[in-house]
Amino acid sequence: MRMSRYFLPVLKETPREAQIVSHRLMLQAGLIKQASAGIYSWLPMGYKILKRIEQIVHEEQAKAGHLAMLMPTIQSADLWRESGRYDAYGDEMLRIKDRGGRDMLFTPTAEELVTDIFRSHVSSYKDLPLTLYQIQWKFRDETRPRFGVMRGREFLMKDGYNFDLTQEDALHAYNRHLVSYLRTYERMGLQAIPMRADSGPIGGDDTHEFLVLAETGESEVFYDSEITDLTFGDRQIDFDDKAACAAVLDEFTSRYARTDETHDEALFAQVPEERRRTARGIEVGQIFYFGTKYSDAMGATVQGPDGKPVAVHMGSHGIGVSRLLGAIIEASHDDKGIIWPEGVTPFHAGIVNLRQGDEATDAACEDLYDSLRAAGLDPLYDDRDERAGAKFGTMDLIGLPWRITVGPRGLKSGVVELTSRRTGESEELSPGDAVAKLIAIYANV
């Protein structure tokens, strides 16, 4: 993509409505535009990042054996009355009527609808285990939508639902989701800590939230500092191996880590004092096991091995896809702008032409652009007739991990400058070596 043909409405001034860094930078960098309170249009670069995050989520869900589907955003109230949640959910649910006067709602979550799908098509234990998920827009009518996409009313969420014959099988699904979520967040450059949490209106006794530590987090968190030393890394795991998945859960949840809703001061006091930490955290996902809560209420049963009907054990598992953009920015920025991790960057590198219109410089930039594209990378070429400072400022603001600077002086020596956005360090390389280095970097992402 060439900057002269791209729609990137960057703002020079600080938006008055932005209260936190991620909201300010997303507006300034032209990623989103507010349509109404808590509801945003996703502009081309913001949408591109959203799709990269979606892709990572899909890839990790597929590795865990989970099946993607898509359910509607508008649901019938009848299903929610059947489960008992229609009145219990509260004012966050947007309730509407269709032209026939039927009660409908804009989905905040989809346990009822997916349970109805399951009970309509699955009748035997031989079809279990089964995990279905979707990435779909949700709506929750927040009392005070604020902080941009961090607490919006309309949001994109991955929500998954497991159906299992026994509690043991369902807890394995719980563990399997925890493993897949750890992998997902690390691929995005995040350390998301699983913390014992409150189940809220979803229900169930077993639940963990995944929180990214940040000063602007909405939750107060208490944890053992040892947990911040843990990484999943590039280890391979068999998702059908119950013991292996349980071992990962134990590794990442055996140390104290809780939100303020479930904090236990007596348990926390057992952590060595030098390792006790209090901070703020941003929730980016949550997993639940709630047994037969919905299957009992809605008659979701299968024929067991003995021929008798068995209510299936269920859980639900969510990742805040749109919220993740804000969380990543809160965790990865400086006073110049965003710093995207390589896994989610909208473009793999920016090319800055220091002398637009100079024949040799233009030709070198075109060659770099074509070489990167031929290698399967996606560069953003700033071919505007702008001063160098403005081009650098835009690149720093939008936060691409790598920048290639091309100017007449360097070309006379046969080099371009490759700069890391995260460290600010630059090195002079031949154009071919710069391309080769970027290929090697992204080969491991």
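Start with the whole chain of this predicted model and look at its contacts: among those between residues at least 6 apart in sequence, 71% join residues at least 24 apart.

Keep the full chain selected and colour it by secondary structure. There are 13 helices and 23 strands. The radius of gyration is 24 Å, close to the 22 Å that the globule rule gives for 445 residues, so the chain is as compact as a globular protein of that length. Orient the view along the principal axes, and the C-alpha trace spans about 80 × 55 × 45 Å.

Switch to a surface. The chain exposes about 19,600 Å², and carbon and sulfur atoms supply 46% of that area. Of the 445 residues, 53% are buried. Now show the charged side chains: the chain has 52 positive and 70 negative charges, and the mean positions of the two sets are 4 Å apart.

**Strand 16**

Next, select residues 313-320, which form strand 16. Eight of its eight residues are buried, so the strand is largely enclosed by the rest of the structure. Show the side chains and compare the two faces. His313, Gly315, His317 and Ile319 point one way, while Met314, Ser316, Gly318 and Gly320 point the other way. Both sets are buried.

Add the strands that pair with it. Which way does strand 8, residues 154-164, run relative to strand 16? The two run antiparallel and are joined by eight bridges. To find one point of this pairing, pick aspartate 159, whose bridge partner in strand 16 is glycine 318.

Then add strand 13, residues 276-291. Strand 13 is also antiparallel to strand 16, with six bridges joining them. Here the residue to pick is isoleucine 287, whose bridge partner in strand 16 is histidine 317.

**Leucine 178**

Isoleucine 287 leads to the next stop, since it is one of the residues that leucine 178 touches. Select helix 5, residues 167-187, and find leucine 178 within it. Is leucine 178 buried or exposed? Its relative accessibility is 0%, so leucine 178 counts as buried.

Leaving out residues up to four places away in sequence, leucine 178 touches Pro194, Phe210, Val248, Leu249, Thr253 and Ile287. Draw a C-alpha to C-alpha distance from leucine 178 to valine 248: the two are 70 residues apart in sequence and 8.3 Å apart in space.

**Glutamine 55**

Move to helix 2, residues 44-63, and select glutamine 55. At 44% relative accessibility, glutamine 55 counts as partly exposed, because partly exposed covers values between 20% and 50%. Now select valine 344 as well. Valine 344 and glutamine 55 are 289 residues apart along the chain, yet their C-alpha atoms are separated by 9.5 Å.

**Two backbone details**

Two stops remain, and both concern the backbone. First, select leucine 128 and proline 129. The peptide bond from leucine 128 to proline 129 is cis, with omega near 0°. Proline 129 is in the loop between helix 4 (111-121) and strand 7 (130-139).

Then follow the chain through strand 7 to the loop between strand 7 and strand 8, where phenylalanine 147 is found. What is notable about phi of phenylalanine 147? The angle is near 65°, a positive value in a residue other than glycine. From this loop the chain goes on to strand 8, which is joined to strand 16 by eight bridges.

Key:
Residues are numbered from 1 along each chain as its sequence is written. Side-chain values use heavy atoms; hydrogens and water are left out. Helices (H or I, at least four residues) and strands (E, at least two) are DSSP runs, numbered from the N terminus. The radius of gyration is taken over C-alpha atoms; the globule rule is 2.2 Å times the number of residues to the power 0.38. Buried means under 20% relative accessible area, exposed over 50%, partly exposed in between (1.4 Å probe, protein chains only). Contact means heavy atoms within 4.5 Å. Accessible areas come from the Shrake-Rupley method with a 1.4 Å probe; for residues, only the protein chains shown count as cover. Lys and Arg count as positive and Asp and Glu as negative; His and the chain ends are not counted. The place of a charge is taken as NZ of Lys, CZ of Arg, CG of Asp or CD of Glu. Two strands pair if DSSP finds at least two bridges between them.
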